[in-house]
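Visitor: I would like to go through this structure with you and ask how each label is earned. Shall we begin?

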Amino acid sequence: MGKKNKKPGKGKEKTERKTAKAEEKRSRRDNKKLSPEDDIDAILLSIQKEEAKKKEVHVEDNVPAPSPRSNCSLNINPLKETELILYGGEFYNGNKTFVYGDLYRYDVEKQEWKLISSPNSPPPRSAHQAVAWKNYLYIFGGEFTSPNQERFHHYKDFWMLDLKTNQWEQLNLKGCPSPRSGHRMVLYKHKIIVFGGFYDTLREVRYYNDLYVFDLDQYKWQEIKPKLGSMWPSARSGFQFFVYQDEIFLYGGYSKEVSTDKNLSEKGNVHSDLWSLDPRTWEWNKVKKTGMPPGPRAGFSMCIHKKRALLFGGVVDMEMGGDVIMSLFLNELYGFQLDNHRWYPLELRKEKSTKEKLKKSSEQKANCSDPHDKINPTEEEELDANYKDENTEYYEEADETESNIDDLSQHMPTSVTVDDSGLAAKSDGKPIKSKTKSDMQKSVLPEIVKPCGRINSCMVVGKDTLYIYGGMMEINDREITLDDMYSLNLSKLDEWKCIIPASESEWVEASEGEDEDEDDDEDDSEDECNNDSNRDETDDDDDADNDDDDTEAMRAGAGSLQMGDAVAIIKGKGKNLRRKEKRARIEQIRANLGLSDSQRTPMPGESLKDFYRRTNMYWQMAAHEHTQHTGKELRKDGFDLAEARYRELKPILDELAVLEAEQKAEEAEGPETSSRKRGKKKSKNLSIK
């Protein structure tokens, strides 16, 4: 029995009905007596009483790693560049929100955590900001959320932590910014500069674009107001703020505005504009984006390394049809050159040269193969020469379309010179007729380690090393809060290292007896009447069968999504998924591997030769960030990066093509109409912090 067509206008009626019920629920909530979980004042008073019992600083050495969290702060200790300072954050388990006020120190050399407990500590918070100066850590603002997310408290308190004594002190000074979270705060010389943020009044969310300065020498706040007719960024939160010499840059952000329709619904705006602030005159100027900037996204992280800013992660919401919204969590890394305002992708290079890999491969074969299979030095040189000759056609063809690449590269910034590297090439799409070369290809494809896509993570640089900690992502409509830590040597840019693997995140299913869920169940039951008569029984069976699959998918998403994991998820686990889950799985894999970027992803059926011909400009610009090469050497570097990406993704793309074909065939037989339930979730609020 085929699926019946949906009645015209039914979606609109359903939306209006649910909106009315939501308003009724909000009215009942506002009028009824506060429950213990709603009463933020009582909760904070209880916390304050517990803090008053502390009489001295207590330091616990070598404690377990902090619990999973996002929207926390992470700073490099200015007194010890190999120590990270972690404070606060929040965790949502599907039913309750937990906000933290704990202070940790992490020694990256010893890989040990210390937990600091001090009297007169700030109350728990998330989405605050922290900067370090001399031997102090300064914290301003943030928010506390009730466990059931019905109430918010925004802070405007200003705290100072002495990093030598671990003692906190609250700075009660006049003229400070109003309560807020999602703002950003940077250090410029001896001044702390605060901009933007939001304040949730329950009935509405206010966004700010005000600018405040705190003088660390005079201990005074000052609000900087725009001059008549001057340019000024719009109100927003969740943007990024970073300093280079006498320029302060502002990039991106998020805000909401009430639409003009009859329902007065809110519309989210993801900003992608770039601004520069002169802290000597307090004048803003809009900066034109050049190079290859990242696409619009919310919840990304940024930090400074020498003459460049680094951008990681973020989320993009995509409409999948049928009122289904898919959130794509990204793990791309971009660079922004601060002296010439140019964006570029940061692609990791390979560690060893082709010749070194060839030698390693031949040594491995010598130990485990027949003596007659050994390769002599002369043959090795011939193979290496053949490798270069076979790829010459790619470099020469690139000459035709890249005649101006040398001129372009002269204006690019230079970085650390690295060894040339590359995997063994294929000729005309077929493996080279060499046993040694074929074995080398198999042996030099290590597992790819990289952070999964996420939002609201912490990112800092210490001793030329980038650290990324925590954050949040989604797997199958579940919010996965992370506690993993990755590092990347920014001088080598060779590989991500997982310092702390992700633990399994707790998730509690919401009660089905609540008003919102009852409304959703009623609405969904109406939609189910239009589906096949056997749909309910089939879905129940699928849910039972796929519990283990969901757990494995969560682990794969919360850790590093390796090539083998992705193929297993697609090929082995994708067969029994429902259409909606299959679509979600495909999109999550696409996001984690950056498949939405056509410049970094081969098209269906595209050979390595065609892939490089189409994208050589991208790869040569990416390669130039690692080397001072120009001309043919630069084209070879670019080809090496393109080839590594092509080999890495080929098995994934082949399996995705099969799975997508199956999905399209199934959807053609009976498309789903039930829309994604997002009413209980806080993900959109999370992305603006």
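Guide: Gladly. Helices (H or I, at least four residues) and strands (E, at least two) are DSSP runs, numbered from the N terminus. By that numbering, T615 has its place in helix α12, residues 608-624. The model is predicted, so local features need pLDDT of at least 70 and side-chain atom pairs count only at pLDDT 80 or more, while totals for chains, interfaces and linings use all residues. Residues are numbered from 1 along each chain as its sequence is written, and side-chain values use heavy atoms, with hydrogens and water left out.

Visitor: Why does T615 count as buried?

Guide: Buried means under 20% relative accessible area, exposed over 50%, and partly exposed in between (1.4 Å probe, protein chains only). T615 has 0% relative accessibility, so T615 counts as buried. Contact means heavy atoms within 4.5 Å; leaving aside residues up to four places away in sequence, T615 touches S598 and Q599.

Visitor: How do you know that C452 is not bonded to C498?

Guide: A disulfide is a pair of cysteine sulfur atoms within 2.5 Å. The closest cysteine sulfur to that of C452 is in C498, 10.0 Å away, which is too far for a bond. C452 is also buried, at 1% relative accessibility. Searching the whole structure gives 0 disulfides.

Visitor: What makes F140 and F158 an edge-to-face pair?

Guide: Rings of Phe, Tyr and Trp (its six-membered ring) pair if their centres lie within 6.5 Å; planes under 30 degrees apart count as stacked, over 60 as edge-to-face and the rest as tilted. For F140 and F158 the centres are 6.4 Å apart and the planes meet at 70°, so the pair is edge-to-face. F140 belongs to strand β9 (residues 136-140) and F158 to strand β12 (residues 158-162), so this pair ties together parts 18 residues apart in sequence. F140 and F158 are both buried. They also belong to a cluster linked by ring pairs, together with Y136, Y138, F214, Y219 and W221. The whole structure has 33 aromatic pairs.

Visitor: Why is the charged end of R180 said to sit over the ring of Y208?

Guide: A charge sits over a ring if NZ of Lys or CZ of Arg is within 6 Å of the ring centre and within 35 degrees of the ring normal. The charged end of R180 is 4.3 Å from the centre of the Y208 ring, and R180 sits over that ring. R69 likewise lies over the face of Y100, at 4.3 Å from the ring centre.
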